[in-house]
Amino acid sequence: MKRVTTTLKLKFLDLNAVKAEMFAQTVCATTELANELLRISPKERKALTTAKVVTPLKSALSNQVIRVLKGKAGQRVKHFKVFWPEVNNQ
């Protein structure tokens, strides 16, 4: 059975300076975490959980970064310029 992924791109309407700064910090933290995890060997990356990772992100966001890097994206990429935060169905 084929798996279909839907990606939504949403515009931020009336984003004030505080919310924009919070989003910028989240993007920066996810990029730092992704690049930090890329420095770990793929074998060690498979055993990672949020309990073993120190980050200012919420656990759902850090779990999603770990999930993405455990998959094919973690094998293909050596460094991220920007790693946009992904939110799953939680």
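In the predicted model, glutamine 64 makes contact with Glu86 and Asn88 once neighbours within four places in sequence are set aside. The residue is part of helix α3. Its relative accessible area is 13%, which lies under the 20% cut-off, and glutamine 64 is therefore classed as buried. The C-alpha atom of glutamine 64 is 7.2 Å from that of valine 87, a residue 23 positions away in sequence.

Leucine 61 belongs to helix α3. With the neighbours within four places in sequence again left aside, the contacts of leucine 61 are Thr26, Pro85, Glu86 and Val87. Glu86 thus appears in the contact lists of both leucine 61 and glutamine 64. The relative accessibility of leucine 61 is 18%, and because this value is under 20% the residue counts as buried. Leucine 61 and leucine 38 are separated by 23 residues in sequence, and their C-alpha atoms are 17 Å apart.

Helix α3 as a whole holds the buried residues Leu61, Ser62, Gln64, Val65, Ile66, Val68 and Leu69. These buried residues pack against α1, α2 and α4. The length of the helix was compared with the expected rise of 1.5 Å a residue. For the 12 residues of α3 the expected span is 16 Å, and the end C-alpha atoms are 16 Å apart, so the two values agree.

The corresponding comparison for helix α1 gives an expected span of 32 Å for 22 residues; the end C-alpha atoms of α1 are 32 Å apart, so expectation and model agree here also. Buried positions in α1 comprise Val27, Ala29, Thr30, Thr31, Leu33, Ala34, Asn35, Leu37 and Leu38. The partners against which these buried residues pack are α2, α3 and α4.

Threonine 30 is located in helix α1. Its relative accessibility is 1%, and because the cut-off for burial is 20%, threonine 30 counts as buried. Beyond the neighbours within four places in sequence, threonine 30 is in contact with Leu57, Val65, Phe83, Trp84 and Pro85. Of these partners, Val65 is one of the buried residues of α3, and Pro85 is also in contact with leucine 61.

Valine 53 is situated in the loop between α2 and α3. At 12% relative accessibility this loop residue falls under the 20% limit and so counts as buried. Apart from neighbours within four places in sequence, its contacts are Leu33, Leu37, Leu48 and Ile66. Among them, Leu33 and Leu37 are buried residues of α1, whereas Ile66 is a buried residue of α3. Valine 53 and isoleucine 66 are 13 residues apart along the chain, with a C-alpha separation of 9.4 Å.

The analysis of internal space identified one cavity of 30 Å³ or more. The largest cavity encloses about 40 Å³. Its lining consists of Pro42, Arg45, Lys46, Leu69, Lys70, Gly71, Gly74 and Gln75. At least two lining residues are supplied by each of α2 (42–45), α3 (59–70) and α4. By residue class, the lining comprises two nonpolar, three polar and three charged residues. Leu69, one of the lining residues, is also listed among the buried residues of α3.

At the level of the whole chain, the secondary structure consists of four helices and zero strands, and the order of elements from the N terminus is α-α-α-α. The box filled by the C-alpha atoms is roughly 45 × 35 × 25 Å along the principal axes. The chain has 90 residues, of which 26% are buried. Among contacts with a separation of 6 or more, 66% join residues 24 or more positions apart.

The mean pLDDT of the protein chain is 84, and 94% of the residues score at least 70. Among the elements, the highest mean pLDDT, 90, is found for helix α1 (residues 17–38), and the lowest, 81, for helix α4 (residues 72–76).

Methods
Residues numbered from 1 in each chain as written. Predicted model: local features only at pLDDT ≥ 70, side-chain atom pairs only at ≥ 80, totals over all residues. Heavy atoms only, no water. pLDDT = per-residue confidence, 0-100. 1 Å grid on protein atoms, 1.4 Å probe; cavity = no way out; pocket = protein on both sides within 12 Å on 5 of 7 lines; lining within 4 Å. Points joined across faces, edges and corners; volume = space filled by probe spheres on them. Nonpolar A, V, L, I, M, F, W, Y, C, P; charged D, E, K, R; others polar. Expected span 1.5 Å × (residues − 1). Buried < 20%, exposed > 50% of the residue type's maximum accessible area, 1.4 Å probe, protein only. Contact = heavy atoms within 4.5 Å.
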